[in-house]
Amino acid sequence: MTDSKELVREIAKVLNEKKAMDIVAIKTEEVTIVSDYFVIASGTSNTHTKALADDVEYEIKERLGISPEHIEGRATGWILLDYSTVLVHIFQQENRDYYNLERLWADASQLDLSDIITEN
């Protein structure tokens, strides 16, 4: 069984490999019952955002044998992949700026991904 932190790290690796921008992982388990972590990332366009979501879904299934329980928003600028304990939010930048989840969850700590993330 994969733990939530390992899942977050694998998701971040996929997003980084596929050139997602501004990848952040927020540890939410102390502040909400909804999930243990949020992973937030941005795509450069609607096409890139959709491709990032598809790649995360495919690669996590291949690497860890885990599929999302639910996916929302494929036709919008905010795609959510629900892995139960980990919620992946992939935004177009203007939607990310508008919803500003990092500010909304500012009381939650961020997981250090500096060993995974390379600058684009």
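Buried, as the word is used here, means a relative accessible area under 20%, whereas exposed means over 50% and partly exposed lies in between. By that rule strand S5, residues 86-92, is mostly covered in this predicted model, with seven of its seven residues buried.

**Strand S5 and its partners**

In a regular strand the side chains alternate between the two faces of the sheet. In S5 both faces are covered, with Val86, Val88, Ile90 and Gln92 buried on one side and Leu87, His89 and Phe91 buried on the other.

Strands of a sheet pair through backbone hydrogen bonds, in either a parallel or an antiparallel sense. S5 pairs in the parallel sense with strand S2, residues 37-43, over seven bridges, while five bridges join S5 to strand S4, residues 78-82, in an antiparallel arrangement. Within the pairing of S2 with S5, Ile40 has His89 as its bridge partner, and Ala41 is bridged to Ile90. On the S4 side, Leu81 finds its bridge partner in Val88 of S5. S4 and S5 also form a hairpin with three residues between them, and the turn contains Ser84.

**The sheet as a whole**

S5 belongs to an open sheet of six strands, arranged in the order S3-S4-S5-S2-S1-S6 with mixed pairing. Strand S3 (70-72) and strand S6 (109-111) stand at the edges and have a single partner strand each, so one side of each is left without a neighbour in the sheet. Averaged over this sheet, and with direction ignored, neighbouring strands are turned by 20 degrees against each other.

Helix H1 lies across strand S1 (21-27), S2, S5 and S6, and runs at about 5 degrees to S2. Asn16 is one of the residues of this helix, which spans residues 4-17. Is Asn16 buried or exposed? Its relative accessibility is 9%, so Asn16 counts as buried, the cut-off being 20%. Leaving aside residues up to four places away in sequence, Asn16 touches Ile23, Ile116, Ile117 and Thr118.

**Loop residues with positive phi**

Most residues other than glycine have a negative phi. Lys19, although it is not a glycine, has a positive value, and a positive phi is also found at Ser84, again a residue other than glycine. The table sets out their places and values.

| Residue | Phi | Loop | Relative accessible area |
|---|---|---|---|
| Lys19 | about 65 degrees | between H1 and S1 | 52%, exposed |
| Ser84 | near 70 degrees | between S4 and S5 | 33%, partly exposed |

Lys19 is classed as exposed because its relative accessible area is 52%, and the threshold for that class is over 50%. Ser84, at 33%, is therefore partly exposed.

**Aromatic pairs**

A pair of aromatic rings is described by the distance of the centres and the angle of the planes. With ring centres required to lie within 6.5 Å, the count comes to five aromatic pairs. In one of these, the rings of Phe38 and Trp105 have centres 5.2 Å apart and planes at 80 degrees, so the pair is edge-to-face, a class that begins over 60 degrees. This pair links distant parts of the chain, since Phe38 lies in strand S2 and Trp105 in the loop between helix H4 (101-104) and S6, 67 residues apart. Phe38 and Trp105 are both buried. Ring pairs also link Trp78, Phe91, Tyr98 and Tyr99 into a cluster.

**Overall form**

The protein has four helices and six strands, and from the N terminus on its elements run α-β-β-α-β-β-β-α-α-β. Its radius of gyration is 13 Å, close to the 14 Å that the globule rule gives for 120 residues, so the protein is as compact as a globular protein of that length. Taken along the principal axes, the C-alpha atoms fill a box of roughly 35 × 30 × 30 Å.

Of the 120 residues, 42% count as buried. The protein exposes about 6,400 Å², of which carbon and sulfur atoms supply 48%. Among contacts between residues at least 6 apart in sequence, 61% join residues at least 24 apart.

How values were computed
Residues numbered from 1 in each chain as written. Heavy atoms only, no water. Buried < 20%, exposed > 50% of the residue type's maximum accessible area, 1.4 Å probe, protein only. Helix = DSSP H or I, 4+ residues; strand = E, 2+ residues; numbered from the N terminus. Pairing = 2+ DSSP bridges. Contact = heavy atoms within 4.5 Å. Axes fitted to C-alpha atoms, helices over the stretch in contact; angles between N-to-C directions. Rg over C-alpha atoms; globule rule 2.2 N^0.38 Å. Areas by Shrake-Rupley, 256 points an atom, 1.4 Å probe, with all protein chains shown as cover. Phe/Tyr/Trp six-rings, centres within 6.5 Å; stacked < 30°, edge-to-face > 60°.
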